[in-house]
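Let's take a walk through this one together, beginning with the overall layout and then stopping at a couple of residues. Have the viewer open as you read.

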Amino acid sequence: MNERIKALYKTHIIEKAKDETHTGQLTDVTHVIEAYNPLCGDQFTIYLKVEDDVVKELKFNGYGCSISKASTAVLAESILGKSLTDFGKVWSDFMEIVNENAKASPEQISNNEYLLAFAAAREFPERKTCATLSWEALAKALITP
């Protein structure tokens, strides 16, 4: 892992794990999505309001390690105000960034430093599940047929 990715990991994961901007509960939502990892106990409920194919509101509640909480916060920021098609693209990029078998370097996939911070999961595959927990739950609910 290069020094830039290490620095992003150290700063952005800690910052986003503490960020409460998108925590809470919403009423009048179109989706309530559960993200749960029974192996470690990380669990988040994601409240989503989608109108005209656009994510209008998103909040989440739950608990987990710093990586899973930071990743859920970055997910919220990455898709709020975006179309579901845009979510599919961001999801695909994120999954490639954390994929230890990816052909492209993380920097070739995205220039978003918050997404790039999770590239460290390439070297720590046991942390990949933490990083992808909420992303996979949301994708299953929103873009998987």
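Start at the N terminus and read along: the chain runs α-β-β-β-α-α-α-α-α. Do keep in mind that this is a predicted model. Counting up the elements gives six helices and three strands.

How compact is the chain? Its radius of gyration is 14 Å, and the globule rule gives 15 Å for 145 residues; those two values are close, so the chain is as compact as a globular protein of that length. If you'd like a feel for the dimensions, the C-alpha trace spans about 45 × 30 × 25 Å along its principal axes.

Next, look at how the chain packs against itself. Take the contacts with a separation of 6 or more: 60% of them come from residues 24 or more positions apart. As for what's tucked away, 48% of the 145 residues count as buried.

Now for the outside. The accessible surface adds up to about 7,400 Å², and carbon and sulfur atoms account for 51% of that. The chain also carries 16 positive and 21 negative charges, and the mean positions of the two sets sit 3 Å apart.

Time to zoom in. Find Leu115, which you'll see in helix 5, a stretch covering residues 113–116. Is Leu115 buried or exposed? Its relative accessible area is 4%, and because buried means under 20%, Leu115 counts as buried. Who are its partners? Leaving aside residues up to four places away in sequence, Leu115 touches Val74, Ser78, Val90, Phe94, Ile97, Ser110 and Trp135. For a sense of distance across the model, try Gly24: this residue is 91 residues from Leu115 along the chain, and the two C-alpha atoms are separated by 22 Å.

Our other stop is Met95, and for that you'll want helix 3, residues 84–97. Met95 has a relative accessibility of 16%, so with the cut-off for buried at under 20%, Met95 counts as buried too. What does Met95 touch, once residues up to four places away in sequence are left out? The answer is Thr132 and Glu136. You can also check Met95 against Ala119, which is 24 residues away along the chain: their C-alpha atoms are 9.5 Å apart.

Conventions
Residues numbered from 1 in each chain as written. Predicted model: local features only at pLDDT ≥ 70, side-chain atom pairs only at ≥ 80, totals over all residues. Heavy atoms only, no water. Helix = DSSP H or I, 4+ residues; strand = E, 2+ residues; numbered from the N terminus. Rg over C-alpha atoms; globule rule 2.2 N^0.38 Å. Buried < 20%, exposed > 50% of the residue type's maximum accessible area, 1.4 Å probe, protein only. Contact = heavy atoms within 4.5 Å. Areas by Shrake-Rupley, 256 points an atom, 1.4 Å probe, with all protein chains shown as cover. Lys, Arg positive; Asp, Glu negative; His and termini not counted. Charge placed at Lys NZ, Arg CZ, Asp CG, Glu CD.
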